[in-house]
Amino acid sequence: MEKKDLQKKQAGTAALTYIKNDMVVGLGTGSTVAYFLEALANSNLNIIGVTTSTITSKRCSELDIPIVDIDAVDHIDITVDGADEIDIDLNGIKGGGDALLMEKIVAKNSKENIWIVDSSKVHKTLGLFPLPVEVIPYGSGQLLRQFTAKGFSPQLRCHPNTTKPIITDAGHYIIDCYMNTIDDPYSLADYFERQVGVVEHGLFLNICNKMIIGGDTVKIKKSQPKQPIEIN
Ligand SMILES: O=C(CO)[C@H](O)[C@H](O)COP(=O)(O)O
């Protein structure tokens with residue numbers, strides 16, 4: 001197994017420590033979460049899962065992990081998800097696996113959010129990973145023009161080696177913005193939230209409570225209580 005995959009497995013397995021019987025557990029999406037799902041399926045824990053994508057729902061049914069619709073539960077105790085990039089304040093970029101909208105809905109409705117990552121994902125600041133923005137197909141060309149004018153170097157996410165746009169589980173497109181560095185993630189999030197046609201963006205700010213980084217010694221970092229965000 002390659003080092004990166006080994007770290008994903010170590011992080012995914014370590015997350016099981018935080019799961020207790022009878023919890024409602026948000027189940028993220030991606031290759032790191034796949035290791036967590038396997039560990040969960042091999043444990044004796046009785047939980048109810050709420051999934052963040054059709055791909056995770058499918059994997060749960062293969063592994064006999066019981067799942068329910070998000071609206072069938074009145075709370076989610078904890079969500080375990082991966083991330084594409086994470087900074088030292090535990091803010092992150094997600095959506096590399098097309099699932100950012102449902103991932104954010106599940107995360108925002110969870111009492112606790114744990115992210116499981118390999119060490120290559122942790123950076124001082126965000127922006128190296130292209131920021132995914134989920135948009136309504138109608139007028140998406142106008143948003144592409146607008147993001148180009150802002151210097152975001154946007155690209156419509158397409159199936160590999162085609163010009164056929166990827167359609168998310170909720171029926172939207174994804175525009176990837178190549179920022180390189182994001183100096184002020186809160187202002188950028190605010191900008192995207194004000195654009196008509198943008199459904200959600202992949203900046204997950206002030207959401208992650210604990211990050212588990214795979215490695216020979218698994219590292220756990222907890223988020224510090226954040227200052228209230230100032231609204232101008
Ligand atoms: O945000 C996500 C999907 O939309 C994933 O959590 C993210 O892409 C990480 O995936 P992986 O564990 O495969 O590296």
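## Burial and overall build

Of the 232 residues in the protein chain, 44% are buried. Keep in mind that we're looking at a predicted model here.

As for secondary structure, the chain has six helices and 13 strands. Its radius of gyration comes out at 17 Å, close to the 17 Å that the globule rule gives for 232 residues, so the chain is as compact as a globular protein of that length. If you'd rather think in box dimensions, the C-alpha trace spans about 55 × 40 × 35 Å along its principal axes.

## Contacts along the chain

How much of the contact list links residues 24 or more positions apart? Taking the contacts with a separation of 6 or more, such pairs account for 74%.

## Two domains

The domain assignment splits the chain in two. Domain 1 is made of two stretches, 3-121 and 205-222, while domain 2 covers 131-201. Between the C-alpha centres of the two domains there's a distance of 24 Å.

## Where the domains meet

Domain 1 puts 13 residues in contact with 13 residues of domain 2. Which element supplies the largest share of domain 1's side? That's helix 4 (residues 100-108), with four residues.

And what sort of residues does domain 1 bring to the side that touches domain 2? The mix is six nonpolar, five polar and two charged.

Key:
Residues numbered from 1 in each chain as written. Predicted model: local features only at pLDDT ≥ 70, side-chain atom pairs only at ≥ 80, totals over all residues. Helix = DSSP H or I, 4+ residues; strand = E, 2+ residues; numbered from the N terminus. Rg over C-alpha atoms; globule rule 2.2 N^0.38 Å. Buried ≥ 20, exposed ≤ 12 C-beta atoms within 10 Å, placed from the backbone. Contact = placed C-beta atoms within 7 Å. Domains from an automatic or database assignment. Nonpolar A, V, L, I, M, F, W, Y, C, P; charged D, E, K, R; others polar.
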